[in-house]
Amino acid sequence: MEPAPEAGRSGCSNVWALQRRQLPLPASEPQVVASLHADPAQRRRLWKAAIKWPMYSVAVMPVLLAAGWRAGQGLSVRLDQLLLFLLAAVLLLAWENLANDVFDADTGVDTQGKPHSVVNLTGRRDRVSLLANGALLLGLLLMAVVALRSSSAVLTLVLACCGIGYAYQGPPLRLGYRGLGEPLCWIAFGPLATAAALLALAPAGTGVVPWWAALQLGSGPAVATTLVLFCSHFHQVEEDAAHGKRSPVVRLGTGAAAALIPWFVAAALALEWAPVLVRQWPLTALLGAIGVPPAQALIRLLRQHHRAPERIVASKFLALRFQALNGLGLAAGLALGRWLG
């Protein structure tokens, strides 16, 4: 089946087109998965999908926003701390992605509809688990270095984010299976991660957690990040429901869930534009609106095709494009405000 016109205009890669043609895979035909993995070209595409490199924009966004905000305030930005935080954040998200594959393999939710799961690709749950734990330890070690050079609260806040990430996917809680993943995502990637980033870039010895600044700066972009998670459920409703994963889309149904997408976008923009309206942020902060076109494409796609999993498997990447462009535009707008405001 050909991709939806909206998805084609969004510029989705051939990897996601491959998935649209192949998903979902019948549980009764495991040889289909084996044949996919046996084809070298398709296997390379599946590995590209498994790496999920576009997803790492959600990991780096809090510190980029913090850097833009500090630059716009005329405050110093410690580039060494920025780079260390970026690398650590990428490693910690790699842990979360790999651990999610491991935990989903335990419940069987990925057996049918996710040939690009790293566990499915390698067939080695033990090695994937070891790699995930290695990424976690190295990421926390780098965050400890960042904390030593700034504030101990940085590591505390990051550990809280990791705890939320584990509670979302790991046993015995598996809160994502109870439909609580979205609020947990907002908390972790919003005030917690943004507060940690603001402290990491501040001069050493700054001990007070900037909660208000973190809440104001991180709330809107965190809604955009949460939208990425929300959209990841649409194409796998049947598989999730069959394995007891009661995501919001499973609970609401695809039609009602699709009707919420404009509200996600509006909430993200409203939280970012409110400080501009009260003149706490410069007009250039409105550059976050460059994320609106992919958001519009996402709204159209899910409104028209929410019942067709094979046509909306790439919806989360439209949401991710909105998240990335919106966050980068906001960060750049805050930084430029000092000179252009």
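## Packing of H6 against H10

In this predicted model, helices H6 and H10 pack with their axes 9 Å apart and at an angle of about 150°. Because an angle over 145 degrees counts as roughly antiparallel, H6 is roughly antiparallel to H10. The crossing of these two helices is right-handed.

On the H6 side, the contact involves Gln81, Leu82, Phe85 and Leu93. These residues meet Phe189, Ala193, Ala196, Ala197, Ala200 and Leu201 of H10. Sorted by class, the contact of H6 with H10 comprises nine nonpolar residues, one polar residue and no charged residues.

## Glutamine 81 in helix H6

Glutamine 81 is a residue of helix H6, and Gln81 is among the H6 residues that meet H10. Its relative accessible area is 0%, so glutamine 81 is buried.

A polar atom of the glutamine 81 side chain lies 3.1 Å from the backbone oxygen of alanine 200. Leaving aside residues up to four places away in sequence, glutamine 81 touches Val146, Arg149, Ser150, Ala200 and Leu201. Of these, Ala200 and Leu201 also appear among the H10 residues in the contact with H6, while Val146 falls within the range of helix H8, residues 125-148.

## Packing of H6 against H8

Helix H6, which spans residues 79-107, also packs against helix H8, residues 125-148. Their axes are 8 Å apart and the angle is about 155°. H6 is therefore roughly antiparallel to H8.

The crossing of H6 and H8 is left-handed, whereas that of H6 and H10 is right-handed. By class, the residues in the contact of H6 with H8 are 23 nonpolar, four polar and two charged.

## Packing of H5 against H11

Helix H5 (residues 57-72) packs against helix H11 (residues 211-231) at an angle of about 145°, and the two axes are 11 Å apart. The crossing of H5 and H11 is right-handed.

H5 contributes Val58, Leu65, Ala66 and Trp69 to this contact, and H11 contributes Ala213, Leu217, Pro221 and Thr225. The contact of H5 with H11 divides into seven nonpolar residues, one polar residue and no charged residues.

## Cysteine 161 in helix H9

Cysteine 161 lies in helix H9. Its relative accessibility is 16%, so cysteine 161 counts as buried.

Cysteine 161 and isoleucine 187 are 26 residues apart along the chain, yet their C-alpha atoms are separated by 8.1 Å. With residues up to four places away in sequence excluded, cysteine 161 touches Ala188, Leu192 and Ala193. One of these, Ala193, is also among the H10 residues that meet H6.

## The loop between H9 and H10

Helix H9 (152-169) and helix H10 (181-201) are joined by a loop in which leucine 173 is located. Proline 172 is found in this loop as well, as is arginine 174. Most residues other than glycine have a negative phi, and most peptide bonds are trans. The bond between proline 171 and proline 172 is a cis peptide bond, with omega about 0°. Arginine 174, which is not a glycine, has a positive phi near 45°.

Leucine 173 has a relative accessibility of 41% and therefore counts as partly exposed. Outside the residues up to four places away in sequence, leucine 173 touches Ala167 and Arg178. Arginine 174, by contrast, is buried, because its relative accessible area is 16% and the cut-off for burial is under 20%.

## Arginine 279

A positive phi is also found at arginine 279, where the value is about 65° although the residue is not a glycine. Arginine 279 lies in the loop between helix H15 (261-277) and helix H16 (292-305). Its relative accessible area is 76%, so arginine 279 is exposed, whereas arginine 174 is buried.

## The fold as a whole

The secondary structure of the protein consists of 18 helices and zero strands. Of its 341 residues, 57% are buried; glutamine 81, cysteine 161 and arginine 174 are buried residues.

Among contacts between residues at least 6 apart in sequence, 75% join residues at least 24 apart.

Definitions and conventions. Residues are numbered from 1 along each chain as its sequence is written. This is a predicted model: local features need pLDDT of at least 70, side-chain atom pairs count only at pLDDT 80 or more; totals for chains, interfaces and linings use all residues. Side-chain values use heavy atoms; hydrogens and water are left out. Axes are lines fitted to C-alpha atoms, for helices over the stretch in contact, and angles run from 0 to 180 degrees between N-to-C directions. Helices (H or I, at least four residues) and strands (E, at least two) are DSSP runs, numbered from the N terminus. Angles under 35 degrees count as roughly parallel, over 145 as roughly antiparallel, 65 to 115 as roughly perpendicular and the rest as oblique. A crossing is left-handed if the near helix is turned anticlockwise from the far one by less than a right angle, and right-handed if clockwise. Ala, Val, Leu, Ile, Met, Phe, Trp, Tyr, Cys and Pro count as nonpolar, Asp, Glu, Lys and Arg as charged, and the others, Gly among them, as polar. Buried means under 20% relative accessible area, exposed over 50%, partly exposed in between (1.4 Å probe, protein chains only). Contact means heavy atoms within 4.5 Å. A polar contact is a pair of N or O atoms within 3.5 Å; within protein, one must be able to donate a hydrogen and the other to accept it, and residues adjacent in sequence count only if both atoms are side-chain atoms.
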